[in-house]
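User: Please take a close look at a single part of this model and describe it in one connected account. Kindly relate that part to its surroundings, and comment on the confidence of the prediction.

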Amino acid sequence: ATPQERSATMTSVCGGKSDCIEPEVDMTDDASAESPSFNDMILAQWHRPVEQTPLAKDLPRLCRRTTIFTHDGKEHTFDRRKEDGSFCRSIAESVRDVMLTLVEDTEGAEEALQKGQQIDEMIVGYDDNADLQELLLHLFRIVGEESPTMRLLRYCHQNVVLCSMQELKDPTTGVMANLMTKDIRTPEGWRFAISLADQCQVWHVRREQSVDLWNNTDDHFEVEWEVRITFVKERWEPSVASLRITKLETAETMSEHRETELRSTIVGDLIIA
């Protein structure tokens, strides 16, 4: 679908009825205290207990949108489909595949086989209509909550995205502060990736579209941004987070002045380094 076509059909997940969770940031009552930096906010999310984050809810949503680059350079995806268009694997099985791909690459094939047998016993009977949150908490314990796998997956939830949106749309400093946008609720609207190659990194890619008043799509645009966290591989701990705009697509009918204004404002800018 074109950006204009999607504009008429997509709605914002953070508007109206929403399952978005506001990022929790420790703030003091002292009005003069400095707000935490973006980097500090992202690192603080990693230190929260897993059960106090939306991980058990969001990993099932993201597993088929996840890409893992293992240390040997191979790319692993988890969205294979049958000829009729249906998925080859259930959501529970796809979560299993994501977790065991990480276990094998960080702890070895034998450990993956052992943990895989336990996981396979747990996921029997779960279809895509089941509530998987309680199941996932059990799977996290099987894999090991302090294992490299879980230390990487701690960032696989929407609070990381919400912290980033807060930074992008900060009324004082945000480069998207004056842009009215909403989610693209398709697989390309929110993707997750982990790289275990040269650098160990975890990142979210988000794509949003303009809110077109009165259904006038002449100035419709879509913007893509990513939040990327680099880990210290020896300790499997995050060290630094970055946030940047990566792509801007505009309607062919957009005025030259408006397109120039958008591109000079938001594209190619490293926002947090």
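Analyst: The part chosen is the loop between strand 5 and strand 6 (221-232), where N215 is placed. The model is predicted, and its chain averages a pLDDT of 87, with 86% of the residues scoring at least 70.

N215 itself has a backbone feature worth noting: its phi is positive, at about 60°, although the residue is not a glycine. Most residues other than glycine have a negative phi. As for its environment, N215 counts as exposed because its relative accessible area is 68%, and the cut-off for that class is over 50%.

A second residue invites comparison on the same backbone angle. W236, also not a glycine, has a positive phi near 55°. W236 lies in the loop between strand 6 and strand 7 (237-250). In contrast to the exposed N215, W236 counts as buried, because its relative accessibility is 15% and the limit for burial is under 20%.

Next to N215 in the numbering is W214, which joins L213 and M180 in a nonpolar surface patch of about 430 Å². M180 comes from another part of the chain, the loop between helix 8 (158-168) and strand 3 (181-183). M180 is exposed, since its relative accessible area is 51% and the class begins over 50%.

Helix 8, which precedes the loop holding M180, has another character: 9 of its 11 residues are buried, so the helix is largely enclosed by the rest of the structure. Among those buried residues are V160, V161, L162 and M165, together with the polar Q158 and N159.

M180 also leads back to strand 5 (residues 201-210), in which S210 is placed. Leaving aside residues up to four places away in sequence, S210 touches M180, T181 and K182, and also D219, H220 and F221. The side chains of S210 and H220 are joined by a polar contact of 3.1 Å. S210 is buried, because its relative accessible area is 3%, against a limit of under 20%.

Strands 5 and 6 are linked by a charged pair as well. The side chains of R207 and E224 form a salt bridge, with an N to O distance of 3.3 Å. R207 belongs to strand 5 and E224 to strand 6, 17 residues apart, and the pair thereby links distant parts of the chain. Both partners are buried.

This salt bridge may be set beside others in the model, which has a count of 22. E111 and K115 meet at 3.5 Å, N to O, and both lie in helix 5 (residues 109-123), 4 residues apart, about one turn of the helix. An α-helix has 3.6 residues a turn, so residues three or four places apart point the same way. The two partners fall into separate exposure classes: E111 is partly exposed at 27% relative accessible area, whereas K115 is buried at 7%. R96 and D97 form another salt bridge, their closest N and O atoms being 2.9 Å apart. These two residues also belong to a network of salt bridges that includes R89, E93 and D120.

One caution concerns the start of the chain. Over residues 2-28 the pLDDT stays under 50, and the model has 59 contacts beyond four places in sequence for this stretch.

Note on methods. Residues are numbered from 1 along each chain as its sequence is written. This is a predicted model: local features need pLDDT of at least 70, side-chain atom pairs count only at pLDDT 80 or more; totals for chains, interfaces and linings use all residues. Side-chain values use heavy atoms; hydrogens and water are left out. Patches are made of residues with over 30% relative accessible area and no salt bridge: like charges are joined within 9 Å, nonpolar side chains (Val, Leu, Ile, Met, Phe, Trp, Tyr) within 5 Å. Accessible areas come from the Shrake-Rupley method with a 1.4 Å probe; for residues, only the protein chains shown count as cover. A salt bridge is a side-chain nitrogen of Lys or Arg within 4 Å of a carboxyl oxygen of Asp or Glu. Helices (H or I, at least four residues) and strands (E, at least two) are DSSP runs, numbered from the N terminus. Buried means under 20% relative accessible area, exposed over 50%, partly exposed in between (1.4 Å probe, protein chains only). pLDDT is the predictor's confidence in each residue, from 0 to 100. Contact means heavy atoms within 4.5 Å. A polar contact is a pair of N or O atoms within 3.5 Å; within protein, one must be able to donate a hydrogen and the other to accept it, and residues adjacent in sequence count only if both atoms are side-chain atoms.
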